[in-house]
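User: Could you take a close look at one part of this structure for me, the place where the two chains meet? I'd be glad of a connected walk through it, with some context from the rest of the chain.

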2 protein chains.
Amino acid sequence: MNRSQAMYVYLNAFIEELSRNGVRHVVYCPGSRSTPLAMRLAEHPRIRCWLHLDERSAAFFALGMAKRLREPVALLCTSGTAAVNFAPAVVEAHYARVPLVVLTADRPPELRDAGAPQTIDQVHLYGRHVRWFMEMALPETSPELLRYVRTVAAKAVALAQGSFPGPVHLNFPFREPLVPEPPPEMTAGERDPWSGGRMPLGDRGEECRDGRRLGNPVDGWHDGNLRSGGEAPYVAVRSGRLVLDDGTIERLAGWLSGTKRGVIVCGPQTDPAFARAVGKLAERLQYPLLADPLSQVRCGRHPLSAVVEMYDALLRVTAFAEKAKPEVVLRFGALPVSKPLLQYLSRHADARQIVVDGHAMWHDPVFSAAEVLQADPAWVCERLCVQLGEAAQPQNRGAFAGEGRKTGGEWLSWWQKANRLARQTVERRMSDADAVAGDADTGLFEGRLFPELAGLLPEGCLLYVGNSMPVRDLDSFFPALQKELFFLANRGANGIDGVVSSALGASAAGEEPVILVIGDLSFYHDLNGLLAAKLHRLNLTVILVNNDGGGIFSFLPQAEHPEHFEALFGTPHGLSFEPVVKMYGGRYRRVGDWEQFSQAVRTSLEKGGLSVIEVPSRRDANLNAHRQIWREVAQALEASL
Amino acid sequence: MNRSQAMYVYLNAFIEELSRNGVRHVVYCPGSRSTPLAMRLAEHPRIRCWLHLDERSAAFFALGMAKRLREPVALLCTSGTAAVNFAPAVVEAHYARVPLVVLTADRPPELRDAGAPQTIDQVHLYGRHVRWFMEMALPETSPELLRYVRTVAAKAVALAQGSFPGPVHLNFPFREPLVPEPPPEMTAGERDPWSGGRMPLGDRGEECRDGRRLGNPVDGWHDGNLRSGGEAPYVAVRSGRLVLDDGTIERLAGWLSGTKRGVIVCGPQTDPAFARAVGKLAERLQYPLLADPLSQVRCGRHPLSAVVEMYDALLRVTAFAEKAKPEVVLRFGALPVSKPLLQYLSRHADARQIVVDGHAMWHDPVFSAAEVLQADPAWVCERLCVQLGEAAQPQNRGAFAGEGRKTGGEWLSWWQKANRLARQTVERRMSDADAVAGDADTGLFEGRLFPELAGLLPEGCLLYVGNSMPVRDLDSFFPALQKELFFLANRGANGIDGVVSSALGASAAGEEPVILVIGDLSFYHDLNGLLAAKLHRLNLTVILVNNDGGGIFSFLPQAEHPEHFEALFGTPHGLSFEPVVKMYGGRYRRVGDWEQFSQAVRTSLEKGGLSVIEVPSRRDANLNAHRQIWREVAQALEASL
């Protein structure tokens with residue numbers, strides 16, 4: 001078998017095994033060295049190839065897909081800086097725990113550090129930011145090598161989607177010629193191994209060297225744990241769930257049932273089973289549920305009665321944050337967006353703060369955690385509920401124990417009352433803020449976007465939000481709703497890069513509409529990402545909050561240094577994005593008021609395709625409107641405390 | 001002194017030392033964590049800040065500046081994926097040996113791996129692709145720490161621009177508050193240390209702890225080796241030149257003077273002293289000088305008589321490549337672009353092939369080098385000339401020794417005759433090729449761009465070319481000229497990324513006009529880079545060769561697989577770039593013939609600003625035109641051999 005033929009068989013085995021372990025999508029950027037993988041992947045009937053031309057955008061597109069699907073998405077590029085352009089999304093995936101299988105093509109060993117063109121050191125290219133790196137063997141077709149390459153594929157998928165999901169990186173050296181060819185001795189059926197489901201070599205169905213047949217399909221391995229298309233993988237990996245021993249749960253439940261002043265904090269996470277479990281637990285314990293929208297707990301058809309969504313406004317008020325002193329904090333998910341919430345956790349570091357996280361790298365930059373339960377969060381909630389008993393009446397309805405110490409149902413209802421007060425104040429203020437910052441010239445108030453959207457989003461909609469201000473305003477102003485909504489943001493490294501592509505990837509991964517709320521700097525950063533909407537005819541409604549620069553800096557101490565502020569932080573660019581959106585085949589509408597905004601969102605959702613709705617904002621007016629709202633909430637709250 | 005004040009003094013010392021060691025430019029991307037460095041850099045009177053909003057483009061902009069200036073350019077960004085976006089240009093700088101001083105801001109140690117927002121592992125972020133990485137100390141103002149931070153600055157600059165230039169990376173942890181403040185006890189003069197030239201602390205002029213004055217300025221250190229603005233640095237580094245011992249040069253010169261069939265190959269390099277030295281050496285030895293345009297040897301006011309620029313066409317002809325068998329090859333610079341030239345080196349691996357390179361990581365992917373002279377290339381040429389004697393008559397004018405063996409002047413004139421033949425054939429063919437691919441609908445022949453440009457470029461002009469086809473056509477078709485021109489391309493990793501920004505950085509670094517020739521995929525990849533033209537009112541003429549996809553792939557074996565070709569390799573995007581160029585304030589002109597092309601280039605050079613001149617091309621016609629030319633050269637050559 002010549003080199004092209006060996007490549008063909010070896011890569012068939014690898015790709016088929018990826019597929020049988022559940023990889024359904026590959027995001028691909030053109031190049032020469034990657035030809036063998038690209039040509040074999042393109043022919044696979046159960047893997048869809050998504051072409052991109054900018055590797056940075058491509059990788060974020062894959063990230064967005066993988067986040068929505070909660071399954072590994074493959075990425076492929078050629079050698080050189082192409083692979084380096086994947087790095088921002090790989091780093092984001094590492095910290096956000098998103099499964100990616102990164103495949104890079106490389107020169108063979110003899111052409112490295114030799115001055116060969118387009119050749120860089122790709123070994124451990126992403127450093128510590130991957131779960132696994134493998135420098136692959138050159139293609140060969142001995143049974144050992146075919147078993148090896150299938151095993152690597154299975155291991156890569158398993159590591160990417162395990163209890164600590166994230167990116168894996170496989171670097172493939174290829175010698176010329178780069179076009180794979182079917183071996184002539186293969187039958188027609190063997191040449192098209194995927195339609196027949198049988199791999200020519202290295203498959204379980206094949207005779208092993210010692211004559212023992214391993215059996216294909218393997219009995220009993222066709223279960224729901226495997227998402228492959230009907231054929232068993234060569235290695236089927238079953239990943240366990242992290243559970244604690246009964247004693248730990250019993251002791252914790254016992255103590256919680258006697259503890260009145262508890263708070264549950266939910267940060268970003270995407271497990272669909274979690275919201276119901278934690279919602280029930282909060283009701284059971286009568287603890288307020290401080291739910292970041294990105295936790296998927298603030299909105300949905302699960303129990304919402306304990307959700308307190310205005311915590312960002314409430315906890316800015318020192319007197320409230322002090323009175324709301326908890327005995328116990330149960331924390332789930334990644335770090336919540338709200339800084340006042342973080343300060344609250346820091347202020348009460350003497351409370352028994354319990355962090356539940358599937359991985360020992362829990363998030364706690366204020367070092368307030370006292371216990372870490374390394375276990376599946378939904379499982380912990382479910383088991384605690386069981387342990388606490390399925391009694392119809394919630395626990396912890398004890399008597400109010402005097403000033404500064406609220407207990408049981410009164411504790412929760414005290415939070416709920418404050419929550420209502422804050423919500424009413426904010427809602428009342430929204431129209432006034434609108435008067436301050438209320439038309440296309442003076443700009444609209446950015447915070448009002450989210451209450452407006454709350455009414456407009458259809459059931460099942462996915463809201464992707466950019467970092468910097470959108471994710472903060474989402475947290476501050478999106479109400480708790482009995483509506484299935486899905487919220488995503490890139491909170492692994494909180495970058496403003498790649499957000500357009502992430503949202504487009506999420507759109508490509510499902511049927512329900514995706515709306516992206518993004519600031520102008522972040523939108524500019526990933527303008528290239530819009531090409532995917534054109535190439536793949538994707539639907540996306542982009543709400544572009546345009547304040548011509550870095551809006552978040554107005555909120556920071558740097559803003560008090562006017563001699564540098566605009567040049568270093570405000571950084572106005574003066575861009576009008578309409579032409580570039582049209583270049584990518586999108587519609588563009590700049591709105592002047594909230595009525596136009598609603599119409600534009602509705603129109604975009606009806607028509608599909610790419611729409612960009614520009615919401616003009618002024619940074620100074622927006623800052624003032626935010627401050628005015630927080631002041632009024634503080635006044636209302638202090639009057640009632 | 002509080003933390004803000006310590007930061008102020010510590011960073012003053014660092015930045016002043018960077019400046020005194022020759023850093024004049026910093027390319028800056030906004031962020032919060034980088035505030036301390038940004039605010040102090042912005043106030044420095046001898047460092048110019050270039051704002052960018054996309055870190056990937058920013059880093060390539062710095063690369064382009066540093067390449068043209070041949071001096072270290074600093075880069076600054078905030079923490080997180082911002083720093084990762086620098087990586088493609090850092091990798092390019094590593095392989096292309098371009099001096100960059102990369103400054104990244106980071107959270108302090110206690111906030112790492114703690115879930116703090118926008119925090120990633122930045123320690124050794126760029127892996128092996130930097131000359132040096134330092135995790136900096138937190139700002140303090142003890143005399144030791146100020147001496148430390150000044151020493152690090154000096155070392156960073158020295159490593160970046162040493163005999164093996166490249167990027168260095170300093171990672172600065174900063175604690176809040178992030179706005180640096182002048183210490184109140186400082187006098188007005190001390191608060192503005194740069195105007196007075198005296199640093200408050202850590203300066204040589206200051207009393208050391210033991211009372212000994214170190215003296216400022218230090219006598220005798222104000223020499224031309226230091227490019228600082230009048231004040232001596234705390235540490236002045238003098239970098240030596242790599243020279244060989246006299247015996248080595250004598251022996252080599254002796255052997256060369258008796259060796260008739262020699263060839264000098266010049267690959268990419270930017271030392272302005274090299275062209276004259278190698279030009280003289282080639283004339284002295286009567287060896288053909290195969291000069292890649294990127295070697296800066298093909299065009300200029302230096303001795304050009306030995307330049308053979310049509311080698312790419314000649315060496316495609318097997319009979320010629322065989323007859324042109326050399327006894328010795330002298331190679332300078334990085335890997336030349338021409339694949340036929342590389343194959344020629346490989347074919348004659350039994351010749352005494354000598355590579356001259358300042359660093360042991362010489363470029364030789366065909367493993368033909370027999371000797372490596374690790375020394376300064378210009379110095380080697382100069383010393384060889386001295387050793388060979390300044391005789392008016394060139395050496396090696398021996399008699400022609402029969403078929404297949406040419407000696408001395410006849411050897412060179414044989415090459416020169418073939419070169420003239422190839423040049424005449426190409427010139428004649430250009431108009432025919434134009435007939436094949438000659439208007440806006442059928443497309444223009446891409447190769448003709450460079451002969452056309454050769455006549456249009458003003459003296460001193462810088463031509464930046466994109467990778468993939470432009471750099472190959474430049475090599476194939478740009479004639480040797482008695483005109484000072486400067487040629488740049490990103491040949492470290494040969495990426496198509498960041499090329500627009502690199503050219504804009506080169507434009508920002510000098511007065512003479514810059515022209516960029518780039519394909520449509522590469523242009524798309526770095527569209528964001530165009531913002532710099534708008535923000536900084538830069539001049540750049542972009543010649544956009546638009547064949548709607550990946551033109552180079554038509555030349556590769558992949559093109560024989562039509563079932564995948566367009567989807568995986570041709571990858572048409574259908575973009576019309578005019579709107580986005582206009583968004584960035586540029587002019588756009590699509591030309592239909594070469595007359596319009598010449599007018600458009602002249603107009604752009606006259607008017608300044610950003611102009612994009614689109615040259616439409618068809619991939620199939622372009623491929624045929626190239627093949628036709630190579631066929632005709634082969635026919636002409638075979639007839640004459």
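**A helix crossing between two chains**

Analyst: Happy to! Helix H2 of chain A and helix H21 of chain B cross in a right-handed sense. Please keep in mind that this is a predicted model. The two helices cover residues 35-43 of chain A and residues 562-570 of chain B, and their axes come within 11 Å and cross at roughly 115°. Angles of 65 to 115 degrees count as roughly perpendicular, so H2(A) is roughly perpendicular to H21(B).

Which residues make the contact between H2(A) and H21(B)? From H2(A) come Ala38(A), Met39(A) and Ala42(A), while H21(B) brings His564(B), Ala567(B) and Leu568(B). Sorted by class, five residues of this contact are nonpolar and one is polar, with no charged residues.

Now let's step back to the whole meeting of the chains. Here, 70 residues of chain A are in contact with 71 residues of chain B. On the chain B side, several elements give two or more residues: helix H2 (35-42), helix H4 (81-85), helix H5 (87-96), helix H19 (520-525), helix H20 (531-536), H21 and helix H22 (578-583). Of these elements, H5(B) gives the most, with five residues. By class, the side of chain B that touches chain A has 40 nonpolar, 22 polar and nine charged residues.

For context, it helps to see how chain A is divided. The domain assignment gives domain 1 (3-196), domain 2 (246-419) and domain 3 (438-617). Between domain 1 and domain 2 of chain A, the C-alpha centres lie 42 Å apart.

Chain A also has an open sheet that is worth a look. Its five strands are arranged in the order S8-S7-S9-S10-S11, with parallel pairing. Strand S8 (289-291) and strand S11 (371-373) of chain A are the edge strands, each pairing on one side only. On average, neighbouring strands of this sheet are turned by 20° against each other, direction ignored.

Within the sheet, you can follow one pair of strands in detail. Strand S7 (residues 262-266) and strand S9 (residues 328-332) of chain A run parallel and are joined by five bridges. One residue to find on screen is Cys266(A), whose bridge partner in S9(A) is Phe332(A).

Note on methods
Residues numbered from 1 in each chain as written. Chains lettered and ligands numbered in written order. Predicted model: local features only at pLDDT ≥ 70, side-chain atom pairs only at ≥ 80, totals over all residues. Axes fitted to C-alpha atoms, helices over the stretch in contact; angles between N-to-C directions. Helix = DSSP H or I, 4+ residues; strand = E, 2+ residues; numbered from the N terminus. Parallel < 35°, antiparallel > 145°, perpendicular 65-115°, else oblique. Left-handed = near helix turned anticlockwise from the far one by under 90°. Contact = placed C-beta atoms within 7 Å. Nonpolar A, V, L, I, M, F, W, Y, C, P; charged D, E, K, R; others polar. Pairing = 2+ DSSP bridges. Domains from an automatic or database assignment.
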